[in-house]
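Subject: Structure for your review

Dear colleague,

Please find below the structure that I am handing over to you, together with its sequence. I would be grateful if you could read the notes beneath it alongside the model.

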Amino acid sequence: MPINTHDLQRMFSLIADEIAKKRDWLCELDGVIGDGDHGLAMEGGWHAAATALALLDGDHTPPTAAFNAAAKAFLNAIGASSGPLYATAFMRAGAAVKGKEELSDDDFLAAFCALSQGIQDRGKAEIGEKTMVDAWKPAAEAALQARANGEALASCLDAAVRAARDGCEATKGMVATKGRSSRLGDRSLGHVDPGAASAVIVIEAISSFAGS
Ligand code: ADP
Ligand code: MG
């Protein structure tokens with residue numbers, strides 16, 4: 001079944017709900033190695049993006065415009081560094097599906113991978129620097145690998161979830177060298193990166209959306 005803007009409206013609202021449930025936990029994680037606002041930032045950003053999408057006419061708005069609306073709303077809603085990272089990600093996802101009225105499974109995966117790449121390009125973080133890239137990049141790679149092996153979209157996204165969880169867990173053993181927690185130096189060791197933790201929640205929600 002192709003994915004249209006109505007589906008993206010549902011997906012963003014699902015992600016916003018899941019992030020909102022974990023808001024306090026994400027703030028606690030950020031309180032340990034950052035400034036304690038990550039849950040609030042993500043809740044605000046995803047809520048704003050979901051609300052902006054809900055206002056669109058799903059019948060007459062192409063997916064690329066939906067992603068662009070999400071980018072603008074996310075960026076305007078929050079001042080934390082995750083704002084421009086996700087805003088760039090959504091714009092890249094939109095660019096990846098430009099001109100499409102609805103998305104095939106391959107189009108959707110292309111948007112998913114463009115989103116991940118957008119975060120990396122905007123923040124210039126590599127794997128191992130204890131950021132959300134440690135969850136997003138392996139997730140995108142696992143999804144593409146599963147697709148290359150002939151898997152259906154739902155199972156590609158299952159693979160993405162597993163890779164994101166592993167990547168997030170691995171951030172415990174990393175010293176932050178990007179973003180606010182890099183100021184802590186070795187003291188960031190032993191703690192999960194909040195941006196990687198929220199990425200897992202987002203990717204889990206995308207996966208349950210695609211599996212439904
Ligand atoms: P802030 O650090 O401005 O308070 P948030 O608390 O919303 O912003 O987000 C912190 C998260 O942002 C970190 O846990 C990390 O995952 C992510 N992050 C910070 N800098 C970068 C970067 N350069 N590239 C990718 N992710 C980053
Ligand atoms: Mg913070």
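The notes that follow deal with the pocket, the ligand and the cavity, in that order.

Please bear in mind that this is a predicted model.

The largest pocket

The largest pocket encloses about 490 Å³ of space. Its lining is made up of 25 residues, and those closest to the centre of the pocket are S81, L85, M132, G179 and R180. Five helices are named as giving two or more residues each to this lining: α2 (23-33), α3 (38-54), α5 (82-96), α6 (105-123) and α9 (194-211). In terms of residue class, the lining comprises 9 nonpolar, 9 polar and 7 charged residues.

Ligand 1

Where does ligand 1 sit? The space that ligand 1 takes is the largest pocket. A shell of 19 residues surrounds ligand 1, with S81, S82, G123, M132 and D193 as the closest. S81 and M132 thus appear both among the residues closest to the centre of the pocket and among those closest to the ligand. Helices α3, α5 and α9 each contribute at least two residues to the shell. Sorted by class, the shell around ligand 1 holds 6 nonpolar, 7 polar and 6 charged residues.

Which side chains place a polar atom by an oxygen atom of ligand 1? Three such pairs may be noted:

- D35 has a polar side-chain atom 3.0 Å from an oxygen atom of ligand 1.
- D37 likewise has a polar side-chain atom at 3.0 Å from an oxygen atom of ligand 1.
- R180 has a side-chain N or O atom 3.1 Å from an oxygen atom of ligand 1.

On its own, ligand 1 has 570 Å² of accessible area, and the protein covers 93% of this. R180, listed above for its contact with the ligand, is also one of the residues closest to the centre of the largest pocket.

The cavity

The structure also holds 1 cavity of 30 Å³ or more, and the volume of the largest cavity is about 40 Å³. The residues that line this cavity are M11, F67, F108, A111, F112, L115 and I206. Helix α6 provides the largest share of the lining, with 4 residues. Is the lining of the largest cavity nonpolar or charged? The lining consists of 7 nonpolar residues, with no polar and no charged residues.

Yours sincerely,

A colleague

Definitions and conventions:
Residues numbered from 1 in each chain as written. Chains lettered and ligands numbered in written order. Predicted model: local features only at pLDDT ≥ 70, side-chain atom pairs only at ≥ 80, totals over all residues. Heavy atoms only, no water. 1 Å grid on protein atoms, 1.4 Å probe; cavity = no way out; pocket = protein on both sides within 12 Å on 5 of 7 lines; lining within 4 Å. Points joined across faces, edges and corners; volume = space filled by probe spheres on them. Nonpolar A, V, L, I, M, F, W, Y, C, P; charged D, E, K, R; others polar. Near = heavy atom within 4 Å. Polar contact = N/O pair within 3.5 Å; in protein donor to acceptor, adjacent residues only side chain to side chain. Areas by Shrake-Rupley, 256 points an atom, 1.4 Å probe, with all protein chains shown as cover. Sits in = over half its atoms within 2 Å of the grid points.
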